[in-house]
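Here's a quick tour of a model and how some of its helices sit against their neighbours. Have the sequence and the coordinates open as you read.

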Amino acid sequence: MINIPMGAFEPEKQCAGRNGCGRYLPLAAFASQTVGGQYGRQTMCRECSAATSRAWRERNPARVREGNAVRYATRSPEYRSWSAMKRRCLNPADVGYENYGGRGIWIDHAWTSFRSFLAWMGLRPAGTTLGRRDPNGHYVPGNVRWETRAEQAMGKRNTLWLETEKIRMPLLAWARHLNVSAAFLRNRKRLGWTDDETVSTPKGTRRPRKPDTQT
Ligand SMILES: [Zn+2]
């Protein structure tokens, strides 16, 4: 009988499966799958899954090369931006088409090739998206850049700007600055708050009373 100290009990599970080592290990030794996923937690411990997959990769080098190419191509941030751009502009079934292809926004012919798009744009810096300097312009070299959210908000056609005495910024930039959600600020505007009240009243505080102008 093992003496388990109070409070230190950890559920354990056996590493099972054809290639499992059979040890009882804490759950942390197993790679968890998506919560609620079809397989729950993996049956093999991380070590055994890694060894199994290593063995498979050694037996199938060609499949690995192929898989890497596909995985890189379709999961890279650049590829996803490129294909989303194509969908918006070229596919009438896409939800964004109305605002892009449908408005006559087109893509430089060379950029129908991912390779040349990537060559021009370079790698996408973290936290940026594909944007256009002129929001009514096309996806052509010179008008397209990797831009941050703030830059993106600046360029949007329907950006809501909030202005105080000292500063004028897009709503999204305010939200980030104040560390609140954009929806929170938008809601205040919807309720008729002035820009000043919207950005200078702390969250969770009532709208300041209007100074009494009547006598
Ligand atoms: Zn194992």
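What covers the buried residues of α3? The cover includes α4 and β3, the strand at residues 129–132. Keep in mind that we're looking at a predicted model, so that goes for everything below.

Let's stay with α3 for a bit. Its buried residues are S81, W82, M85, R88 and C89. They take up an arc of only 130 degrees around the axis, so they end up on the same side of α3. The background is simple: an α-helix has 3.6 residues a turn, so residues three or four places apart point the same way.

How does the span of α3 agree with its 14 residues? At 1.5 Å a residue, the helix should span 20 Å, and its end C-alpha atoms are indeed 20 Å apart.

Now for the partners. Two helix pairs are worth putting side by side:

| Helix pair | Angle | Axes |
|---|---|---|
| α3 (residues 77–90) and α4 (residues 114–121) | about 115 degrees | 10 Å apart |
| α6 (residues 171–178) and α7 (residues 182–190) | roughly 120 degrees | within 8 Å |

Take α3 and α4 to begin with. α3 passes α4 in a right-handed crossing. On the α3 side, the residues that meet the partner are E78, Y79 and W82, and on the α4 side they are F114, F117, L118 and M121. Sort the residues of that contact by class and you get six nonpolar, no polar and one charged. W82 turns up twice here: it's in the list of buried residues of α3, and it's also part of the meeting with α4.

Then there's the pair further along the chain. α6 passes α7 in a right-handed crossing too. L171, L172, W174 and A175 of α6 make the contact with A182, L185 and R186 of α7. The classes come out as six nonpolar, no polar and one charged.

Zooming out, how many helices and strands does the protein have? There are eight helices and six strands. Reading from the N terminus, the elements go β-β-α-α-α-α-β-β-α-β-β-α-α-α.

Two overall numbers round off the picture. Of the 215 residues in the protein, buried ones make up 13%. And if you take contacts between residues at least 6 apart in sequence, 29% of them join residues at least 24 apart.

Methods: Residues are numbered from 1 along each chain as its sequence is written. This is a predicted model: local features need pLDDT of at least 70, side-chain atom pairs count only at pLDDT 80 or more; totals for chains, interfaces and linings use all residues. Axes are lines fitted to C-alpha atoms, for helices over the stretch in contact, and angles run from 0 to 180 degrees between N-to-C directions. Helices (H or I, at least four residues) and strands (E, at least two) are DSSP runs, numbered from the N terminus. A crossing is left-handed if the near helix is turned anticlockwise from the far one by less than a right angle, and right-handed if clockwise. Two residues are in contact if their C-beta atoms, placed from the backbone, lie within 7 Å. Ala, Val, Leu, Ile, Met, Phe, Trp, Tyr, Cys and Pro count as nonpolar, Asp, Glu, Lys and Arg as charged, and the others, Gly among them, as polar. The expected span of a helix is 1.5 Å times one less than its number of residues. A residue is buried if 20 or more other C-beta atoms lie within 10 Å of its own, exposed if 12 or fewer, and partly exposed in between; C-beta atoms are placed from the backbone. The arc is that of the directions from the helix axis to the C-beta atoms.
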